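Trainee: Could you pick one part of this molecule and take me through it slowly? I'd also like to know what sits around that part and what turns up elsewhere along the chain.

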Amino acid sequence: MADPLPGPDWRNPVHVLAFGLGAGASPVAPGTVGTLVGLPLYAAVAGWPLPAYLVLLGVVIAVGIVVCGRAAADLGVHDHPGIVWDEIAGLLVALCGAPAGWGWAVAGFGLFRLFDIWKPWPIHWVDRRVGGGLGIVVDDLLAGVYAAMVLHAAAWWLGA
């Protein structure tokens with residue numbers, strides 16, 4: 001049996017953020033549970049003008065690179081499964097400019113999880129070759145871009 005992964009120090013705010021306020025500590029599907037944390041954040045900002053949304057997204061990404069990198073270094077595990085800030089950022093990318101409505105948000109959630117798990121080219125390639133906080137976050141951003149492309153294509157196709 002493999003050694004268990006180290007857990008976060010819940011007194012450390014970097015760990016709390018990296019673990020999605022605790023969602024990443026889920027014993028089952030921490031990435032999916034962590035992505036769920038992004039839905040209320042998305043709901044709070046979905047109606048924002050696109051430039052404001054993009055500024056928030058930039059902040060989430062920049063903070064994520066730092067927070068994920070520091071938490072991974074502290075834990076000694078690159079891309080620890082409990083580090084889920086990157087999933088939150090990826091979901092916000094997936095839903096950027098999405099049509100209004102929970103159906104679209106759920107579809108974006110599903111598409112993001114699909115691409116994040118599947119990791120089609122170049123996501124898998126980037127995931128294996130980029131280190132540190134950027135490496136932890138960038139594969140989720142790419143999964144979010146793939147999900148956004150499919151979501152926007154569906155919206156166009158459906159006239160939404």
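Mentor: Let's settle one word before we start: two residues are in contact when heavy atoms of theirs are within 4.5 Å. Keep in mind, too, that this is a predicted model.

A good place to try that word out is His15, which sits in helix H1, residues 13-18. Leaving aside its neighbours within four places in sequence, His15 is in contact with Pro8, Asp9, Ala71, Asp74 and Leu75. His15 counts as buried, because its relative accessibility is 4% and the cut-off for buried is under 20%. Asp9, from that contact list, has a second partner: it forms a salt bridge with Arg11, and the closest N and O atoms are 3.1 Å apart. Those two are not covered to an equal degree: Arg11 is exposed at 76%, while Asp9 is partly exposed at 28%.

Now for the part I'd like you to look at closely, helix H5, which runs over residues 102-118. Start with its length. H5 has 17 residues, and at 1.5 Å a residue they should span 24 Å. The C-alpha atoms at its two ends are 24 Å apart, which agrees.

Next, which residues of H5 are tucked away? The buried ones are Trp104, Ala105, Gly108, Phe109, Leu111, Phe112, Arg113, Phe115 and Asp116. Here the word contact comes back: what covers these buried residues includes helix H2 (30-45), helix H4 (85-94), H6 and H7.

Did you spot two charged residues in that list, Arg113 and Asp116? In general, side chains of opposite charge can pair when their charged atoms come close. That is what you find here: Arg113 forms a salt bridge with Asp116, with the closest N and O atoms 2.6 Å apart. Why can they reach each other? They are three residues apart in H5, which puts about one helical turn between them. As for cover, Arg113 is at 11% relative accessibility and Asp116 is at 5%, so both count as buried.

Follow the chain past the end of the helix. Just after H5, Lys119 takes a positive phi of about 55 degrees. Lys119 also has a partner, because Asp139 forms a salt bridge with it, the closest N and O atoms being 2.9 Å apart. Asp139 lies in helix H7 (residues 132-158) and Lys119 in the loop between H5 and helix H6 (123-129), so this pair ties together parts that are 20 residues apart in sequence. Both Asp139 and Lys119 are buried. Put the two pairs side by side and you get a bigger picture: Arg113, Asp116, Lys119 and Asp139 are linked in a network of salt bridges. The whole structure has five salt bridges.

The loop after H5 has one more thing to show you. A cis peptide bond joins Trp121 and Pro122, with omega at about 0 degrees, and Pro122 lies in that loop between H5 and H6.

Positive phi turns up in other loops too. Leu21, which is not a glycine, has a positive phi of about 60 degrees. You'll find Leu21 in the loop between H1 and H2, and it is exposed at 64% relative accessibility. Asp79 is another: its phi is positive, at about 55 degrees, and it is not a glycine either. Asp79 lies in the loop between H3 and H4 and is partly exposed, with a relative accessible area of 24%.

After all those buried residues, have a look at the surface. Val55, Val59 and Val63 form a nonpolar patch there, with about 230 Å² of accessible area together. Val55 belongs to helix H3, residues 50-75, and counts as exposed at 56%. Ala62 is in H3 as well, and it is partly exposed at 43%.

One last thing to check is the cysteines. A disulfide is a covalent bond between the sulfur atoms of two cysteines. How many does a search of the whole structure find? It finds zero. The reason is distance: the closest cysteine sulfur to that of Cys68 is in Cys96, 19 Å away and too far for a bond. Cys68 is buried, with a relative accessible area of 0%, and Cys96 also counts as buried, at 18%.

Definitions and conventions:
Residues are numbered from 1 along each chain as its sequence is written. This is a predicted model: local features need pLDDT of at least 70, side-chain atom pairs count only at pLDDT 80 or more; totals for chains, interfaces and linings use all residues. Side-chain values use heavy atoms; hydrogens and water are left out. A disulfide is a pair of cysteine sulfur atoms within 2.5 Å. Buried means under 20% relative accessible area, exposed over 50%, partly exposed in between (1.4 Å probe, protein chains only). A salt bridge is a side-chain nitrogen of Lys or Arg within 4 Å of a carboxyl oxygen of Asp or Glu. Helices (H or I, at least four residues) and strands (E, at least two) are DSSP runs, numbered from the N terminus. Patches are made of residues with over 30% relative accessible area and no salt bridge: like charges are joined within 9 Å, nonpolar side chains (Val, Leu, Ile, Met, Phe, Trp, Tyr) within 5 Å. Accessible areas come from the Shrake-Rupley method with a 1.4 Å probe; for residues, only the protein chains shown count as cover. The expected span of a helix is 1.5 Å times one less than its number of residues.
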